[in-house]
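Student: I would like a close look at a single part of this model, beginning with one helix and what packs against it, and then following its neighbours outward. Please take it in one connected account.

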Amino acid sequence: MFEAIHPVWPFLIGALLLPLLPRGVPRAALAVLAPVLGAALLWALPVGTVPGIPFLGQELTFLRVDRLAVIFALIFCVAGALAMVFAWELDDALQQSAALLYAGSAVGAVLAGDLVALFIFWEGTAIASVFLVWARGTETAYRVGMRYLIVQITSGVILLAGAALYLADTGSLAFEAMTLDTPATWLIFLAIGIKCSFPLLNMWLPDTYPAATVTGAVILSIFTTKLAVYALARGFPGADVLLWVGAAMAVLPIFHALIEDDLRRVLSYSLISQLGFMVVGVGIGTELSISGSAAHAVSGILYKSLLFMAVGAVLLRAGTARASDLGGLVRSMPVTAGLSLIGAASISAVPLFTGFVSKSLILGEAGHEGHAIVWAMLLAASAGAVLHTAIKVPFFAFFGADRGHRVAEAPRPMVVAMALTGGLCVLIGCFPGILYGLLPSEVDYKPYTVSHIITQLQLLTFAALAFAVLWRLGLFPRPKAGVTLDFDWVYRRVMPRVIDGLAVTMGASWDTGVRLVGRQYTLILRGLYRHHGPEGRIARTWPTGAMVLWVAVLLLAVMLVNFI
Amino acid sequence: MADAPQTGRANRVLIGLAVAAAVLFAADAFYKKKTYLSVEDWFGFYGLYGFAACAVLGLAAWALAPLLRRAPDYYDLAGDPDGDDAAPGDRDV
């Protein structure tokens with residue numbers, strides 16, 4: 001008999017209990033304990049599927065335990081706990097509860113066995129997470145949150161529509177591997193693509209994450225997009241279109257990451273670029289490449305959390321995360337600066353750091369399977385990560401020209417969270433077997449070969465050299481305050497203008513039309529009035545005598561006609 | 001403009017990186033490269049490709065920057081910048 005407690009329960013109960021506890025340590029401890037307990041319950045689950053709940057003639061399966069689900073659920077629990085350590089001093093029950101509900105929804109979604117259960121948790125992530133944006137309390141945060149919510153809910157609605165069509169097509173709601181050959185599967189693919197930040201569907205991400213609170217951005221960076229990677233790996237492994245979508249995702253955001261001034265927005269674009277690797281891994285579709293995507297999701301969550309934590313600490317202490325306002329913070333925040341370098345080394349895939357042992361699984365499989373152009377694009381994106389994140393973020397925040405910020409080091413809980421996250425980055429980098437042992441399939445891969453180490457060091461060193469040369473020649477984008485146009489320009493600038501223009505044009509046309517019709521109407525009314533009104537010819541009153549006279553004349557005429 | 005000490009430091013970093021890059025480039029002569037694609041067998045391929053990719057990406061971004069940058073209040077929210085300054089919700093931490 002399959003006896004199991006769903007790992008979502010600690011998150012849900014924790015979120016409900018948290019506001020009832022006294023402020024401070026009790027709430028913070030509960031927020032950390034819930035994901036830890038979730039991880040423990042997850043670890044104790046036997047592999048298999050718990051019989052579902054009857055629903056409209058189908059069965060809703062809330063608990064499907066296999067290695068693909070477990071690796072994602074586990075890293076969600078671990079990263080959630082680390083994020084809540086980072087937020088230890090957060091005195092805001094709304095954010096803490098929202099974070100737990102968000103993390104719990106993500107865990108529930110990866111353990112869901114069918115499309116309706118997936119939809120329920122899918123929407124849960126959307127609704128819970130928006131409070132991490134709104135909690136910032138600014139007009140911008142409110143507007144960004146609304147835009148984010150619209151996009152995320154739309155993704156859920158499309159998923160539900162796809163699920164309904166899929167049920168009609170196949171008679172099943174089971175969320176298993178599917179092929180892109182019906183409107184149903186395309187709708188499900190589109191819904192996942194929105195959350196996964198596919199090209200042209202991705203603007204919600206760099207729009208939202210920098211607008212969230214300090215801890216909100218860390219938490220947001222963990223769940224939604226990696227949940228989408230999981231859903232792709234579950235639903236569309238080996239879909240050829242993902243090769244090109246992923247390659248485009250890896251390369252295109254680099255330009256914005258290089259230009260952007262807000263370092264949290266830089267990290268957002270960098271996150272999309274790293275997602276591109278995972279999407280390509282799913283698209284290649286071999287067991288090793290899909291395990292590579294799962295491994296890189298684990299790595300990505302860890303180093304991206306670490307970098308968002310470091311920049312968040314800077315925002316908290318210095319009051320800004322703009323590169324143009326920052327520099328020289330290593331004097332004030334040396335520990336944060338040092339820990340940010342671990343994140344930088346990890347995202348660059350420096351040997352002994354986590355990115356090195358995960359990214360190479362995907363790149364190696366792309367080469368092995370002969371996808372040369374995709375491989376070349378990923379390799380360029382891999383080198384680009386050195387520029388836009390590994391060098392740019394620490395350089396402009398901590399090591400560049402001193403802007404005179406004299407601030408305190410990050411609060412101790414934040415430092416502890418960053419140290420733990422950085423420690424995991426190094427631990428996995430040094431002992432990749434820990435990660436490989438948890439992956440969906442058996443991984444027979446040795447990252448530490450002379451060939452791999454030297455070629456990777458060549459790539460990194462020459463990438464850094466390219467930065468140094470460009471910088472020295474003044475050909476690297478200098479940080480400058482302002483916004484950078486992206487596809488959101490279409491719906492934040494062009495569409496409102498078009499709608500305004502249409503409103504003005506249509507309003508004027510309407511007025512003119514109404515005026516013209518009104519004039520004709522008035523003329524007709526006047527005519528009618530003239531003839532039928534009280535003074536009109538038709539309505540004029542006639543004297544009775546005249547009437548009698550005319551009747552007599554008519555009668556005479558009739559008689560004459562008859563007798564003649 | 002960068003001041004003299006910074007320029008000096010940038011030059012030292014540049015020279016150090018160039019030396020390291022040269023050493024790693026030469027290292028290709030001393031081991032057997034494990035490759036999947038023929039292009040990987042080119043001498044120093046990873047170094048040259050990394051440099052070229054970053055140079056192209058960096059230059060393209062440098063060229064695109066003036067075209068894509070707008071004033072902070074471009075989206076009509078003057079005084080309420082898009083997320084990069086500390087706000088009330090952040091200070092709860």
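Tutor: Two residues count as in contact if their C-beta atoms, placed from the backbone, lie within 7 Å, and the packing described below rests on that cut-off. The model is a predicted one, with an ipTM of 0.89 and a pTM of 0.89.

The helix to begin with is H18(A), which runs over residues 412-430 of chain A. Its 19 residues reach 26 Å from the first C-alpha to the last, close to the 27 Å expected at 1.5 Å a residue. The buried residues of H18(A) are Met414(A), Ala417(A), Met418(A), Thr421(A), Gly422(A), Leu424(A), Cys425(A), Ile428(A) and Gly429(A). Because they cover an arc of only 150 degrees around the axis, they lie on the same side of H18(A). The partners against which these buried residues pack are helix H3 (67-86), H14, helix H15 (334-347), H16 and helix H19 (432-436), which belong to chain A.

Two of these partners, H15 and H16 of chain A, are joined by a loop that holds Leu352(A). Although Leu352(A) is not a glycine, it has a positive phi of about 85 degrees, and with 14 other C-beta atoms within 10 Å it is partly exposed. Another loop, between helix H7 (183-195) and helix H8 (204-208) of chain A, holds Leu200(A), again not a glycine but with a positive phi of about 70 degrees. Leu200(A) has 11 other C-beta atoms within 10 Å and is therefore exposed, since the limit for an exposed residue is 12 or fewer.

Following H14 and H16 the other way leads to the contact between the chains, which takes 70 residues from chain A and 54 residues from chain B. Helix H14 (287-318) and helix H16 (354-368) are among the elements of chain A that give two or more residues to the side touching chain B, and the list also includes helix H6 (139-170), helix H17 (372-399), helix H20 (450-472) and strand S5 (483-484). H20(A) gives the most to that side, with 19 residues. By residue class, the side of chain A that touches chain B divides into 42 nonpolar, 17 polar and 11 charged residues.

Strand S5(A), one of the elements just named, is also paired with a strand of the partner chain: two bridges join S5(A) to strand S1 (residues 69-70) of chain B, and the two strands run antiparallel. One of the bridge partnerships is that of Val483(A) with Arg70(B) in S1(B).

Chain B itself has two helices and one strand, in the order α-α-β along the sequence. Buried residues make up 23% of its 93 residues. Its pLDDT averages 84, and 82% of the residues score at least 70. Among the elements of chain B, helix H1 (residues 4-27) has the lowest mean pLDDT, 88, and helix H2 (residues 45-68) the highest, 96.

Back in chain A, helix H1 (residues 8-17) can be set beside H18(A). The buried residues in H1(A) are Val8(A), Pro10(A), Phe11(A), Gly14(A) and Ala15(A), and because they cover an arc of only 165 degrees around the axis, they lie on the same side of H1(A). The packing partners of these residues are helix H2 (25-44) and helix H4 (93-111) of chain A.

Note on methods
Residues numbered from 1 in each chain as written. Chains lettered and ligands numbered in written order. Predicted model: local features only at pLDDT ≥ 70, side-chain atom pairs only at ≥ 80, totals over all residues. Helix = DSSP H or I, 4+ residues; strand = E, 2+ residues; numbered from the N terminus. Nonpolar A, V, L, I, M, F, W, Y, C, P; charged D, E, K, R; others polar. Pairing = 2+ DSSP bridges. Buried ≥ 20, exposed ≤ 12 C-beta atoms within 10 Å, placed from the backbone. Expected span 1.5 Å × (residues − 1). Arc of directions from axis to C-beta. pLDDT = per-residue confidence, 0-100.
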